[in-house]
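Student: Could we go through this structure together, one question at a time?
Tutor: Gladly! Have a look at it here, and then ask away.

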Amino acid sequence: MNLTIDANSPLPVYQQIMQAIKLEILSGGLRDGDPLPSIRDLAKLLRVNPNTVAKAYYALEAEGFSEGRTGSGSRVKAPPGRQDALRRAMLEGELRAFLEKAVALGFSAADVTKMIEKVGQ
Amino acid sequence: MNQSLIEVHDLRLGYTRKRVIDGLSVSLRRGEWAVIAGRNGAGKSTLLRALAGVLLADGGSILRSAEATPEKIGFISDRFSLFEDWTVTRAIGFHCRAFGIGSFDDGLLRRVGIAGKTRIHDLSAGERAIVHLSLALAQRPSLLLVDEVLHVLDPFVRDLFVGALIEAIAVRQAAVVTVNHVFSEIERLPDRVLVMEAGRFAVDAPPDELRAGMKKVIGREPLPQALPCLFSRADGEYKEYFIHPFQEEMRREHGLDFQDVALGEIIKAFIGGGYERKRMA
């Protein structure tokens, strides 16, 4: 699993962990039923607080990306049919954050659309 | 994780003439990493020693849960002394008898390469810290108090040290309290940041909340009056303004570049702000 934490990113670490695991799931690196690393192992590996990893795991479970099983830690829940909807939801989340920034900088929706077309070419 | 380990209420403590802790209240919970910051002489080390039970309060109370009795509190400090001419093995034996410890894990000592026959006074600062940590961990502590030790460790030993603290939280739900002056190494570790000022906590908040609530503006122009500036610092022609409390609407209203601030800078601004208020008073 390819997980890196950017200590200087304004994005909270638990969200960075969630993003990274979701990306692994959506790209097929982690499959349905695969075990997630233990909280202890991942905390030590990433040098982050175990509570942060736990928070990410709870949130992943709440969003339906994993499920906990007593005694054996969390496992990935990724029914094949849902992949597409999830990918879309993730991009939408990114887009929303981007648009908030654009609006804060004073750009209009039309400006952004124009810029996307320009960069896309 | 929300189970309270120690409740400190209105603690007052001082040395002959000077009151160092003055009406401090705090509750420490299982499984959390709290970092205490503050200027020199703010009372950080005194508080740790009171928590460890080696200093008695002049007033107020420290309520310990059944899990936070002094033998379940590991205290690691560069001032903490062992008998200097003892060997490491002898110090371990003494510590285990004193705390009724049955088994001692020498894993960290082996990884750093500390031989049992080494005398305490021949250990480097980093090696001493690892010996102290090993002794503290052998107590199976519910609370680990770490006083300004991290920054004397080389990167390899620091990694082992921090890894052991992470493990204590993950495996035993220990609470970890560190007193720091340098934050880059633990940027993403604490659950809670406590800034001490005038003998009590002026700040007690999760780091993400602090990051969201403080931004930095760098510029040559004076800051608009409406912006709350906690602390400013001149660097040549430019001035750095630390805005606190920051709100997202300020970006739109003022069109300034509000930059994110690292934990160490946030703490610097709080401490510096304290100095400025003190000068004005």
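Student: Which residues touch the most other members of the largest nonpolar core?
Tutor: Keep in mind that this is a predicted model. The largest nonpolar core holds 97 residues. Those that touch the most other members are Ile130(B), Leu143(B), Leu144(B), Leu145(B), Phe161(B) and Val176(B).

Student: Which element gives the most to this core?
Tutor: Here we look at how many residues an element gives to the core. The top contribution is eight residues. They come from helix 5 of chain B.

Student: Which residues does Leu143(B) touch, not counting residues up to four places away in sequence?
Tutor: Good choice, as Leu143(B) is one of the core residues that touch the most other members. With residues up to four places away in sequence left out, the partners of Leu143(B) are Leu5(B), Ile6(B), Leu28(B), Ala68(B), Lys72(B), Ile73(B), Ala174(B) and Ala175(B).

Student: Now to chain A. In what order do its elements run from the N terminus on?
Tutor: Start with the count: chain A has five helices and two strands. Then read them from the N terminus on, and the order is α-α-α-β-β-α-α.

Student: How many residues does each chain bring to the contact, and which element of chain A gives the most to the side that touches chain B?
Tutor: Chain A brings 16 residues and chain B brings 21 residues. On the side of chain A that touches chain B, the elements giving two or more residues are helix 2 (39-46) and helix 3 (50-62) of chain A. The one that gives the most, with four residues, is helix 2 of chain A.

Student: Are helix 2 of chain A and helix 5 of chain B roughly parallel or roughly antiparallel to each other?
Tutor: Let's use the angle: these two helices pack at about 160 degrees, with their axes 9 Å apart. Angles over 145 degrees count as roughly antiparallel. Helix 2 of chain A and helix 5 of chain B are therefore roughly antiparallel.

Student: Which residues of helix 5 of chain B make that contact?
Tutor: From helix 2 of chain A come Ile39(A), Arg40(A), Ala43(A) and Lys44(A). The residues of this helix contact divide into five nonpolar, one polar and three charged. On the helix 5 side of chain B, the names you want are Gly163(B), Ile166(B), Glu167(B), Ala170(B) and Val171(B).

Notes. Residues are numbered from 1 along each chain as its sequence is written. Chains are lettered from A and ligands numbered from 1 in the order in which they are written. This is a predicted model: local features need pLDDT of at least 70, side-chain atom pairs count only at pLDDT 80 or more; totals for chains, interfaces and linings use all residues. Two residues are in contact if their C-beta atoms, placed from the backbone, lie within 7 Å. Axes are lines fitted to C-alpha atoms, for helices over the stretch in contact, and angles run from 0 to 180 degrees between N-to-C directions. Angles under 35 degrees count as roughly parallel, over 145 as roughly antiparallel, 65 to 115 as roughly perpendicular and the rest as oblique. Ala, Val, Leu, Ile, Met, Phe, Trp, Tyr, Cys and Pro count as nonpolar, Asp, Glu, Lys and Arg as charged, and the others, Gly among them, as polar. A nonpolar core is a set of buried Ala, Val, Leu, Ile, Met, Phe, Trp, Tyr and Cys residues joined through C-beta atoms within 7 Å. A residue is buried if 20 or more other C-beta atoms lie within 10 Å of its own, exposed if 12 or fewer, and partly exposed in between; C-beta atoms are placed from the backbone.
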